[in-house]
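Below are some notes on the aromatic pairs and on the ligand site, set out as numbered points for you to check against the model.

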Amino acid sequence: MTTTTDPFRTTVPLPPGGTIPLLGFGTWQITGDAARQAVGWALEAGYRHLDTATVYRNEAEVGAGLRDSGLPREDVFLTTKVPPNRAGQELATLQQSLTALGTDHVDLWLIHWPNGSDVASGTWRALVEAREQGLARSIGVSNYSLGQLDALTEETGVTPAVNQIEWSPFLFDAAVADGHRRRGVALEGYSPFQASRLDHPTLTDIAARLGKAPTQVIVRWHLQHEVVVIPKSANRERIVANAAVGDIELTAADMAALDGLAGQG
Ligand code: NAP
């Protein structure tokens, strides 16, 4: 990564094809007009990747914000998720998502979480079918352990392109990151700020030296690890600030210090 990197246009590959922008906009707990407005602000700020889910109850507003922006659909990477309790009705659930979002496909469709110890292989087969029908360009999972990823692959023969899990410097686990890399599964982190201690001195010292906010350092840390990051804010200034990280250069020592925050949250 260099100081000229545009965080909105930096992508990582998704197997078996396509790419995902490393920086996205999270929309959990924003509903109604606030969601439509926040999505509009995010797209205006330059985000080109939106993360929603059936259970967020904001897909219609996310779709409206996207339409308001006037951006071509293909310029924006759109993720939604199906909860595992929709087993047997997955494709109907996806159709509801597509109708609400106002699109004929999503870029990424995820199983929102495994069903307890059950890896939801039946639901996964429905996601594979959706991909084959072109309704989802890529498919993946969320909240799966490495063991559950392996079980799903063994049961179905298809490895998820993405696993979206809670991630931050305070949750950093090199074995988990490496395990995803070795399996060819893109690691997408969620709750980058909620899962952090924003006042931890290691973080605030690095931020102060760079003249940046701890939240910006956290976003940049994800990008330099090539981990997808989807910060959420309902506030216009914070939406802009969270993505203003293109001019940050964390040194190897900074990265090691931030990695070392694991377990200190
Ligand atoms: P987050 O992005 O870590 O943090 C959001 C919180 O931080 C909000 O309270 C927000 O308040 C605040 N915030 C945002 N920018 C800030 C800044 N610059 N300074 C100080 N505070 C700031 O939390 P998250 O929403 O849990 O995670 C992000 C996204 O990940 C979600 O929106 C969702 O799309 C996804 N997610 C997925 C799962 C899953 O199970 N797959 C679970 C959780 C989240 P304001 O809005 O007031 O700015």
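1. Rings of Phe, Tyr and Trp (its six-membered ring) are taken to pair if their centres lie within 6.5 Å, with planes over 60 degrees apart counting as edge-to-face. In this model, which is predicted, a search of the whole structure finds 5 aromatic pairs.

2. One aromatic pair is formed by W167 and F172, whose centres are 6.0 Å apart and whose planes make an angle of 65 degrees, an edge-to-face arrangement. W167 counts as buried because its relative accessibility is 2%, and F172, at 16%, counts as buried as well.

3. F172 also pairs with W221: the ring centres are 5.8 Å apart and the planes stand at 80 degrees, so this pair too is edge-to-face. The pair links distant parts of the chain, since F172 lies in the loop between β8 (162-166) and α6 (174-183), whereas W221 belongs to helix α8 (residues 214-224), 49 residues apart. Both F172 and W221 are buried.

4. Elsewhere, ring pairs join F8, F25 and Y47 into a cluster.

5. Turning to the ligand, it sits in the largest pocket and is surrounded by 23 residues, of which the closest are D51, S191, F193, S233 and R238.

6. Which ligand atom is 2.6 Å from an N or O atom in the side chain of R238? It is an oxygen atom; an oxygen atom of the ligand also lies 2.9 Å from a backbone N or O atom of Q194, and one is 3.4 Å from a side-chain N or O atom of H112. Taken alone, the ligand exposes 900 Å², and the protein buries 82% of that.

Note on methods. Residues are numbered from 1 along each chain as its sequence is written. This is a predicted model: local features need pLDDT of at least 70, side-chain atom pairs count only at pLDDT 80 or more; totals for chains, interfaces and linings use all residues. Side-chain values use heavy atoms; hydrogens and water are left out. Rings of Phe, Tyr and Trp (its six-membered ring) pair if their centres lie within 6.5 Å; planes under 30 degrees apart count as stacked, over 60 as edge-to-face and the rest as tilted. Buried means under 20% relative accessible area, exposed over 50%, partly exposed in between (1.4 Å probe, protein chains only). Helices (H or I, at least four residues) and strands (E, at least two) are DSSP runs, numbered from the N terminus. A residue is near a molecule or strand if one of its heavy atoms lies within 4 Å of it. A polar contact is a pair of N or O atoms within 3.5 Å; within protein, one must be able to donate a hydrogen and the other to accept it, and residues adjacent in sequence count only if both atoms are side-chain atoms. Accessible areas come from the Shrake-Rupley method with a 1.4 Å probe; for residues, only the protein chains shown count as cover. On a 1 Å grid over the protein atoms alone, a cavity is a set of points where a 1.4 Å probe fits but cannot get out, and a pocket is an open set with protein on both sides within 12 Å along at least five of seven lines; lining residues have an atom within 4 Å of a point. A molecule sits in a cavity or pocket if more than half of its atoms lie within 2 Å of its grid points.
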